[in-house]
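Visitor: I am new to this structure, and I would like to understand how each description of it is justified. Could you take me through the reasoning step by step?

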Amino acid sequence: MAEAYLNYIGGRWMSAQSGDTFESHNPAHPSEVIGVFPRSAALDVAAAIAAAEEAHQAWRLVPAPHRGDVVLKASMIIESRKEELAVLMTREMGKVLAEARGDVQEAIDMGKYIAGEGRRFTGQTVPSELRDKFAMLIRDSIGVVGLITPWNFPLAIPSWKIFPALLCGNGIVFKPAEDTPAVATVFVRILEEAGVPPGVLNLVHGFGPEAGQPILEDPRVRMISFTGSSEVGRLVAEEAGKRLKRVSLELGGKNAILVMEDADVDLVVEGALWGGFGTSGQRCTASSRLIVHQGVANRVTEALLERVRALKVGDGLDANVQVGPVINREQLDRIHGYTEVGTKEGARLLAGGKILSANLDNGHFYSPTLFDRVEPTMRIAQEEIFGPTVGITSVTDFDHAIEVANGTQYGLSLAIYTKDIDRAFRAIRDLQSGLVYVNAPTIGAEIQLPFGGIKGTGNGHREAGFSAIEQFSELKSVYIDYSGKLQRAQIDV
Ligand code: NAD
């Protein structure tokens with residue numbers, strides 16, 4: 001019997017009020033049920049929001065260093081249970097175990113980093129233009145924040161949101177992705193064990209339109225932090241905009257590695273393989289485009305093709321496997337649909353392009369897929385596929401490479417391989433993306449720098465780094481007049 005998991009509302013574990021449930025499955029072995037979860041709806045969300053609103057009042061008054069202590073404790077518990085969490089993640093989401101460990105490590109790192117912010121939570125003091133008057137900026141909580149997350153980083157992304165939101169003193173309603181609810185639940189149990197007071201953090205499982213939408217609509221939720229597809233992100237922005245809510249969006253990407261003719265081809269191939277096929281291409285930062293100078297295009301293509309063909313696909317718990325399953329059947333069909341689109345548009349399919357489920361326990365497996373002769377305007381060069389599919393576009397020179405790289409609606413992560421320092425700096429200057437890598441692929445962000453994108457990837461917010469605190473706190477400008485008389489700014493100066 002699969003484990004029955006629950007919502008966590010007001011410090012109590014409970015079913016959905018309707019009693020309805022849904023299942024989470026292992027994408028490598030879809031007949032294996034990971035757990036049964038409450039299928040929540042508006043009533044459950046309303047209860048979670050009420051609990052968060054009440055608990056927020058006391059939590060915001062707990063000194064920030066003590067809130068940091070709770071975050072640190074949670075991070076230490078995660079560290080002590082790293083392997084168990086990683087195995088659960090591989091079973092529920094499919095990424096290979098080494099990457100699942102990396103996902104858990106990212107949460108540990110984030111916890112440690114954010115805990116330290118409890119002893120900073122920095123404001124500002126500035127001089128007043130008037131005598132005997134003090135001017136300063138302090139931070140406050142926002143109130144109730146709604147956190148909605150995707151399945152591809154089942155622990156890391158929730159930790160990017162929950163840790164800073166807690167540190168800043170907010171009440172939280174957390175709606176994790178319906179494909180990875182078990183990992184989310186274990187995280188919330190750990191936070192409970194670490195001492196998050198009842199009601200401060202509430203977990204509501206379920207599907208987007210049923211359990212996510214009510215969070216967007218409720219006026220008591222003052223801020224939404226959303227990571228997911230651009231399609232849903234647009235809807236989140238609309239709903240939040242109607243109610244003048246603060247909203248932070250981390251959306252899709254169509255990232256590229258630019259390869260100049262002086263690049264180290266072996267290094268490029270290692271990077272392209274890791275960036276393009278790691279996590280089966282299901283990273284918002286996946287290197288799904290290779291933009292290669294025509295002078296090295298053949299060498300890069302041949303060397304990469306050999307390595308792509310050799311990639312071992314299978315259950316991520318098998319240590320020999322490099323490419324795990326994709327998340328679900330729908331996504332598998334979508335990825336295959338893009339192979340058909342690419343072929344129809346005239347790109348050349350060099351490797352892969354096949355659904356492999358039949359030989360692999362009916363799991364959601366797709367063969368690592370490589371196209372070349374990809375024109376920048378083709379759909380496979382413009383749209384996020386979110387699978388193990390990489391397209392190679394040949395370009396004439398550096399300027400052409402930059403133009404092609406910037407020529408999509410997205411702006412998350414772009415990378416350049418070159419040994420020419422001038423070109424590297426020009427690329428850093430001219431690439432239109434929130435993340436830029438030099439001589440490394442487009443994946444692999446570290447939590448101490450802000451993370452996020454421009455253009456269609458987001459709306460200007462950044463997670464992680466110092467900006468995590470910016471995202472989840474309000475600013476309050478304070479003036480203290482100790483002159484004993486009325487002093488009028490701009491007039492009595
Ligand atoms: P998704 O947009 O389908 O779902 C994300 C979350 O939104 C889920 O929890 C879902 O239940 C919820 N949701 C769906 N409809 C909703 C609605 N009407 N109201 C409220 N919530 C709703 O995305 P996904 O398939 O889970 O994740 C993959 C996408 O996430 C990709 O596009 C990827 O690029 C993106 N992503 C972006 C980043 C980033 O930081 N930029 C990081 C990881 C993933």
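Guide: Let us begin with a single pair of residues in this predicted model: the bridge partner of Ala 4 is Val 36, which belongs to strand E5.

Visitor: What makes E1 and E5 a pair of strands?

Guide: Two strands pair if at least two bridges are found between them. Two bridges join E1 to strand E5, residues 29-38, so the requirement of at least two is met, and the two strands run parallel.

Visitor: Why is strand E1 called an edge strand?

Guide: The sheet is open and has three strands in the order E1-E5-E4, with mixed pairing. Strand E1 (3-4) and strand E4 (21-26) are its edge strands, as each of them pairs on one side only.

Visitor: How do you know that E6 and E7 are paired as well?

Guide: Four bridges join E6 to strand E7, which covers residues 133-141, and because pairing needs at least two bridges, E6 and E7 count as paired; their direction is antiparallel. Within this region, Pro 127 has Phe 134 of E7 as its bridge partner.

Visitor: Which order do the strands of that sheet follow?

Guide: The order is E6-E7-E22, in an open sheet of three strands with antiparallel pairing. Its edge strands are strand E6 (124-127) and strand E22 (473-481), each pairing on one side only, and the twist from one strand to the next averages 20°.

Visitor: Turning to the ligand, what makes the approach of Ser 229 a polar contact?

Guide: A polar side-chain atom of Ser 229 lies 2.6 Å from an oxygen atom of the ligand, and because the cut-off for a pair of N or O atoms is 3.5 Å, this pair qualifies. By that reasoning Leu 251 also qualifies, with a backbone N or O atom 2.7 Å from a nitrogen atom of the ligand, and so does Gln 213, where an N or O atom of the side chain is 3.2 Å from a ligand nitrogen atom. The ligand taken alone exposes 840 Å², of which the protein buries 90%.

Visitor: Which residues come nearest to the ligand, and which helix supplies the largest share of the shell?

Guide: Of the 28 residues around the ligand, Lys 175, Glu 178, Ser 229, Leu 251 and Glu 384 come nearest. Helix H7 (208-217), strand E11 (221-227) and helix H8 (230-242) each supply at least two shell residues, and the largest share, four residues, comes from H7.

Key. Residues numbered from 1 in each chain as written. Predicted model: local features only at pLDDT ≥ 70, side-chain atom pairs only at ≥ 80, totals over all residues. Heavy atoms only, no water. Axes fitted to C-alpha atoms, helices over the stretch in contact; angles between N-to-C directions. Near = heavy atom within 4 Å. Polar contact = N/O pair within 3.5 Å; in protein donor to acceptor, adjacent residues only side chain to side chain. Areas by Shrake-Rupley, 256 points an atom, 1.4 Å probe, with all protein chains shown as cover.
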